[in-house]
Amino acid sequence: MRQRPWLGPAVTLVVAVALWFYPNLVDAAGWPIFYLLFAYTVFFWVTQASSWNLFTGFSGYFSFGQGAFYGVGVYALGVLVVKRGWPLLPTFVVGGLLASVLGLFIGLVVFRLRRLRGEIFALMTLAVAFVLGAVARISPTIDGGQGIPLSSVPTPDALGTHPQMIFRLGLITAVLAVVVVQVVQNSRLGWGLFSIRDDEDVAETLGVPTFRFKMIALGLTSFLAGLSGAVHALQVSYVTIEEVFNIRVPLMVILMSILGGTRHWMGPVLGALVVHTMSDRLNRAGLEAVSDIIVGALLILMIVAIKEGLYLRMRERPLVTAIGAAVGVAAGFVLGPLDSAVTHLAYTLLGAVLGAMVPVGRRRRPQSGAPATQTIEEVVGG
Amino acid sequence: MSLWTQSIVSGLLSGGIYAMMSLGMSLSWGVLKIINLAHFSFILLSGYFTYQLAFSYGWDPFAAILVCVPVFALAGMALQWAFDKLRVSEFESLLLTFGLFIIFESIASTVWTADFRRMDTVQNPYQSQSVWLGDIALPVPQLAAFVVAVIVAFGTRYLMEKTDFGRAVRALSQDRDVARAFGIDPHRVAMRLAGLAAAFAAIAGVFIAMSRALWPGLAVEWFGIVFSVVILGGLGSTLGTLIAAVIIGFVGGVATVVGGPPMAPLAIFLVLIATLLFRPQGIMGRSSI
């Protein structure tokens with residue numbers, strides 16, 4: 001991987017080119033439009049989760065601010081395009097840049113601190129979405145508590161019908177996010193961020209420009225989140241403060257990244273696919289009420305039991321994962337009715353995930369009553 | 001003029017509730033190194049318990065303290081026990097309790113729905129009562145919360161400064177290994193302290209249920225306020241938290257008069273930014289416990 005840093009982005013681009021023609025396939029085969037919208041939503045979450053992971057997963061600074069960055073993007077499109085009549089495409093970039101400004105401002109305030117930088121950053125980003133909501137509510141030029149209707153936004157015809165356009169815009173942002181993360185992971189910036197995560201003081205002593213690296217990474221993270229928010233605004237017909245500046249987006253990206261694994265670019269991509277597919281099926285089955293409880297419980301389970309995340313786990317044990325996926329495919333046929341390919345996808349993913357989670361070939365635990373072993377495990381585990 | 005005085009006085013008084021909400025958070029972050037987002041869930045659930053006890057059984061809201069405090073103290077201790085067992089780090093605690101927060105919030109919205117829940121004047125006679133100071137009204141729930149918060153803050157300070165338990169806590173927060181070498185059991189002390197913090201959350205919840213309508217999304221609104229109070233007061237400092245809560249209450253009150261209720265969180269956030277820029281250790285300097 002380290003010897004061939006171009007490989008990841010190259011594969012991503014090839015996959016992206018193939019996916020570009022997926023809408024034509026859906027059209028030609030007469031599949032339901034839902035398949036396009038479902039894929040778009042996966043792209044949206046892949047973008048958001050990858051963007052979150054770029055800063056938090058790599059540097060170890062915990063951010064709850066994804067919702068704020070995303071919200072800035074959504075509102076940038078709402079205010080500038082709907083109220084001011086700006087052209088659509090440049091506004092996407094402006095939305096990303098505005099989110100970047102917010103991210104860099106938070107970084108500027110918090111990263112100057114010596115002590116408790118990480119904790120204060122986390123709580124600051126937790127509070128900032130609510131404050132932005134308050135600002136939007138006060139200011140009539142932004143929202144004024146009325147909400148902004150977005151259904152009348154003129155869209156370019158070049159990208160096809162509305163669902164096709166949404167799909168392709170989502171694909172572009174997702175590819176951009178994934179490629180950026182792949183490039184960062186194999187660059188000096190990435191290695192610097194990893195060293196910050198491991199021990200920031202040591203990294204600083206060794207000459208890693210920690211402040212600059214953190215600011216660059218946070219700027220990229222918030223840009224991608226804002227850009228994706230601006231694109232997502234096209235998918236929402238009516239923007240309200242309550243629906244934008246809540247903790248749903250940070251909750252989902254945290255869960256997706258932690259579930260997939262934060263140490264590799266593939267983690268958030270996998271996590272986004274798994275979590276969105278599952279929650280889509282749960283909601284379809286009318287289980288919205290329990291889906292939040294499942295999300296919370298899953299988050300706790302991952303932290304406690306599988307800290308490295310699903311992706312690394314699956315890579316370590318491809319056989320069990322494949323068996324799990326095969327069982328999932330079979331279960332899909334047996335348990336049916338398979339009204340939709342998404343349901344089948346859900347079964348397959350669930351099988352693979354459960355397969356990867358099965359505790360076989362686990363490292364042997366130190367025997368109880370052996371103090372020396374326990375101390376070593378404490379050092380290694382802590 | 002009277003509007004100004006009235007708003008500022010009620011702002012100062014709401015500092016009492018803010019202090020009650022923040023004391024436990026400050027202790028658990030400053031001493032236990034656990035950033036406990038479930039603290040907010042405890043406050044919210046305690047509020048709903050108070051509402052439910054009054055609604056179903058006609059309990060006086062003050063009497064709800066007798067139920068809520070032990071229940072949530074036990075919950076807090078159980079949580080701390082689990083943290084010790086799982087050896088969670090500070091960041092993992094943030095994530096774990098975020099998961100718990102989400103679970104509790106969806107439980108609250110399942111049980112009590114997303115509608116506003118408020119005790120009526122029969123169940124809660126205090127909400128319409130006020131102590132009059134000239135022509136300034138001091139609403140009884142806020143006043144009581146303020147008095148209780150002052151007592152609790154000074155009580156906790158006494159506990160930390162003068163008792164063996166407090167000395168053990170201070171020793172642990174300074175150097176865990178040395179404290180252990182001197183025979184202090186860190187797990188037991190941590191559990192008791194977590195129980196204390198959760199008990200404070202329970203009291204805060206009772207007073208919140210007495211003074212306003214409850215809905216599940218309320219807990220998210222508290223993040224900014226409590227976080228500002230804790231940072232401004234200085235981590236782990238009881239008196240600092242009390243003073244900071246009154247300052248934040250005052251700022252919120254003034255901002256409400258100037259720009260209406262949505263202005264308050266913005267003004268409070270600006271105070272937080274200023275604190276982080278100019279006095280990141282909080283007003284009480286190094287933590288006093």
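A crossing of two helices is left-handed if the near helix is turned anticlockwise from the far one by less than a right angle, and right-handed if clockwise. The structure is a predicted model, in which local features need pLDDT (the predictor's confidence in each residue, from 0 to 100) of at least 70, side-chain atom pairs count only at pLDDT 80 or more, and totals for chains, interfaces and linings use all residues. Residues are numbered from 1 along each chain as its sequence is written, while chains are lettered from A and ligands numbered from 1 in the order in which they are written.

**Exercise 1. Describe how α9(B) and α11(B) pack.**

Step 1. Locate the helices, where helices (H or I, at least four residues) are DSSP runs numbered from the N terminus. Helix α9 of chain B covers residues 218-233, and helix α11 of chain B covers residues 263-278.

Step 2. Two packed helices are described by the angle between their axes and the distance between the axes. Axes are lines fitted to C-alpha atoms, for helices over the stretch in contact, and angles run from 0 to 180 degrees between N-to-C directions. For α9(B) and α11(B) the angle is about 30 degrees and the axes are 10 Å apart.

Step 3. Classify the angle: under 35 degrees counts as roughly parallel, over 145 as roughly antiparallel, 65 to 115 as roughly perpendicular and the rest as oblique. The two helices α9(B) and α11(B) are therefore roughly parallel to each other. Their crossing is left-handed.

Step 4. Identify the residues that meet, two residues being in contact if their C-beta atoms, placed from the backbone, lie within 7 Å. From α9(B) they include Ile225(B) and Leu232(B), and from α11(B) they include Phe269(B) and Leu272(B). Sorted by class (Ala, Val, Leu, Ile, Met, Phe, Trp, Tyr, Cys and Pro nonpolar; Asp, Glu, Lys and Arg charged; the others, Gly among them, polar), the contact has nine nonpolar, three polar and no charged residues.

**Exercise 2. Apply the procedure to α4(A) and α5(A).**

Step 1. Helix α4 of chain A, residues 66-83, packs with α5(A) at an angle of about 140 degrees, and their axes are 8 Å apart.

Step 2. The helices α4(A) and α5(A) are therefore oblique to each other. They cross in the right-handed sense.

Step 3. Among the residues that meet are Phe69(A) and Leu77(A) in α4(A), and Val94(A) and Leu102(A) in α5(A). The contact comprises 12 nonpolar, five polar and no charged residues.

**Exercise 3. Analyse the contact between domain 1 and domain 2 of chain A.**

Step 1. The bounds, which come from an automatic or database domain assignment, are 1-246 for domain 1 and 247-359 for domain 2. Their centres, taken over C-alpha atoms, are separated by 22 Å.

Step 2. On the domain 1 side 22 residues are in contact with 21 residues of domain 2. Helix α3(A) contributes the largest share of the domain 1 side, 12 residues.

Step 3. This side of domain 1 divides into 11 nonpolar, 11 polar and no charged residues.

**Exercise 4. Which helix of chain A gives the most to the side that touches chain B?**

Step 1. The contact joins 30 residues of chain A to 32 residues of chain B.

Step 2. At least two residues each come from α5 (88-110), α6 (117-138) and α13 (288-305) of chain A. The most, 13 residues, come from α6(A).

Step 3. This side of chain A has 24 nonpolar, three polar and three charged residues.

Step 4. As to confidence, the predictor gives the complex an ipTM of 0.81 and a pTM of 0.84.
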